[in-house]
Amino acid sequence: MNYHVGVISGDGIGPEIIAEAKKVLDRIGAVYGHTFECEEILMGGCSIDAVGVPLTEAAIAQAKASDAVLMGSIGGNTATSPWYRLEPQLRPEAGLLKLRKSLNLFANLRPAYLYEELKEACPLREDIIGDGFDMMIMRELTGGLYFGARKTEEIDGVVTAEDTLTYNENEIRRIAKRGFDIAMKRRRKVTSVDKANVLDSSRLWRKIVEEVAKEYPEVSCEHMLVDNCAMQLVKDPKQFDVILTENMFGDILSDEASMVTGSIGMLSSASLNDTKFGLYEPSGGSAPDIAGKGIANPIATILSAAMMLRYSFDLDKEADAIEAAVKQALQDNYRTIDIMPQEEEKKSLVTQVGTKEMGDLIVERIQKP
Ligand code: NAD
């Protein structure tokens, strides 16, 4: 098959890590007989430098015409870069927010997977880690508290702030369906997280999730209160497969889950709409402190490309092959600087490599089926 991939290299380490993901896609194409036609889309600081705005209508149209978009990262040093002396709506990040909105990306997916080889970066006790864990946090991205009406006013001489948390049944149903679809590709368990003992919006959330669950008899569905989920993530993370939750709860829980897996350079993510389209990007930023040094970890971007194959193109075997190659490179004791062991005696057991070398090592490990 031929796939048309919009590629946003962006700023900072973006172009370096995207180059490695593109090499991996080329290798997958050669091994499995696909073509990934990549078309560069300008967004972020580089777009400001070129055309004065972080995202043009033409760039949005390019993204819409793509089967999926793979992104590196955007932005610069927020203290020193001239991009941050511009009005907020002209700064690099405004481009990303506008793109997400234009593409109606309402579902955010963040896997939290603990690699055996990187266990020591996990702050949890050995007995809790066990054989490791592998979960997917699915967060609603365009509704809830962050998008509700808000105001700050003085009432009878007292300054009062108000935020509103609104969800309608359609918003809940569409994210729930995506969550159950994702669970069907995994271990078929959904933990829906809410605060149904207190919030009306959570009671509606739970009711609609239960309705959707009936359409997926192969997937087991449980409900968990958000405060309990925050505890369970550090007490017994192995119990989770897909965690399905609303915007604010997901914001907090996805950071907690990623913290227990180790380096930011390993964490991929996806934002999906109600078609097969998705925007795939590493969870980290443009890392201006290491940009241009050739030392950034490309794995999160390469794993984001694997997510793109799995969730936008239904190429599960190909996605498995990328994930297996990443695991193999780690098992063969190759590490970028951010995932090097901290203890001196363990450092001599691994080989430190740069961005390009890590990309090559992963490409070499993608085997013919
Ligand atoms: P950051 O994620 O860029 O960096 C935080 C730390 O993690 C840095 O020390 C960095 O070197 C390290 N790091 C990040 N990715 C790495 C990788 N692949 N390999 C090795 N180390 C890595 O966060 P920040 O410094 O707060 O933000 C820098 C810029 O990135 C800002 O302009 C911010 O707005 C932007 N940002 C963009 C995105 C995005 O593109 N989606 C996300 C977050 C931040």
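## Exercises: cavity, pockets and helices

Leu165, Tyr167, Val193, Asp194, Ser201, Ser202, Trp205 and Glu246 line the largest cavity. A cavity is a set of points on a 1 Å grid over the protein atoms alone where a 1.4 Å probe fits but cannot get out, whereas a pocket is an open set with protein on both sides within 12 Å along at least five of seven lines; lining residues have an atom within 4 Å of a point.

The model is predicted, so local features need pLDDT of at least 70 and side-chain atom pairs count only at pLDDT 80 or more, while totals for chains, interfaces and linings use all residues. Residues are numbered from 1 along each chain as its sequence is written, and side-chain values use heavy atoms, with hydrogens and water left out.

**Exercise 1. Describe the largest cavity: its volume, the elements that line it and the character of its lining.**

Step 1. Let's start with the count: a search of the whole structure finds one cavity of 30 Å³ or more.

Step 2. The volume of the largest cavity is about 50 Å³. Here a volume is the space filled by probe spheres set on the points, and grid points are joined across faces, edges and corners.

Step 3. Strand E8 (189-194) and helix H7 (200-214) each supply at least two residues of the lining, and H7 gives the most, with three residues. Helices (H or I, at least four residues) and strands (E, at least two) are DSSP runs numbered from the N terminus.

Step 4. By character, the lining of this cavity has four nonpolar, two polar and two charged residues. Nonpolar covers Ala, Val, Leu, Ile, Met, Phe, Trp, Tyr, Cys and Pro; charged covers Asp, Glu, Lys and Arg; the others, Gly among them, are polar.

**Exercise 2. Now for the open sites: which residues lie nearest the centre of the largest pocket, and which are closest to the centre of the second largest pocket?**

Step 1. The largest pocket has a volume of about 720 Å³. Of its 32 lining residues, Leu96, Leu97, Arg100, Leu141 and Glu281 lie nearest the centre.

Step 2. At least two lining residues of the largest pocket come from each of E3, H4, strand E4 (107-113), helix H9 (247-259), strand E11 (268-272) and strand E12 (278-282). The lining of the largest pocket divides into eleven nonpolar, 13 polar and eight charged residues.

Step 3. For the second largest pocket, the volume is about 470 Å³. This second pocket is lined by 23 residues, and Pro111, Tyr113, Asp134, Arg186 and Glu323 are the closest to its centre.

Step 4. E4, strand E5 (134-140), helix H10 (299-311) and helix H11 (316-331) give two or more residues to the lining of the second largest pocket. That lining contains 13 nonpolar, two polar and eight charged residues.

**Exercise 3. Place methionine 135 and arginine 310, and list what each is in contact with.**

Step 1. Methionine 135 sits in strand E5 and is buried, with a relative accessible area of 0%. Buried stands for under 20% relative accessible area, exposed for over 50%, and partly exposed for in between (1.4 Å probe, protein chains only).

Step 2. Leaving aside neighbours within four places in sequence, methionine 135 is in contact with Arg110, Pro111, Ala112, Arg186, Leu233, Pro237, Phe240, Asp241, Ile243 and Ala257. Contact means heavy atoms within 4.5 Å.

Step 3. Arginine 310 belongs to helix H10 and is buried, with a relative accessible area of 10%. With neighbours within four places again left aside, the contacts of arginine 310 are Lys185, Leu315, Asp316, Ala319, Asp320 and Glu323.

**Exercise 4. Work out which residues of helix H3 are buried and which exposed residues its opposite face carries.**

Step 1. In H3 (residues 57-64), the buried residues are Ala59, Ile60 and Ala63. Viewed down the axis of H3, these fall within an arc of 100 degrees, so they line one face of the helix. The arc is that of the directions from the helix axis to the C-beta atoms.

Step 2. Glu57, Ala58 and Lys64 are exposed, on the face of H3 turned away from its buried side.

Step 3. The cover over the buried residues of H3 includes strand E3 (68-73) and helix H4 (92-102).

**Exercise 5. Finish with helix H13 (residues 355-364): which of its residues are buried, and what do they pack against?**

Step 1. The buried residues of H13 are Thr355, Met358, Gly359, Leu361, Ile362 and Val363.

Step 2. They pack against helix H1 (14-32), H10, H11 and strand E13 (334-335).
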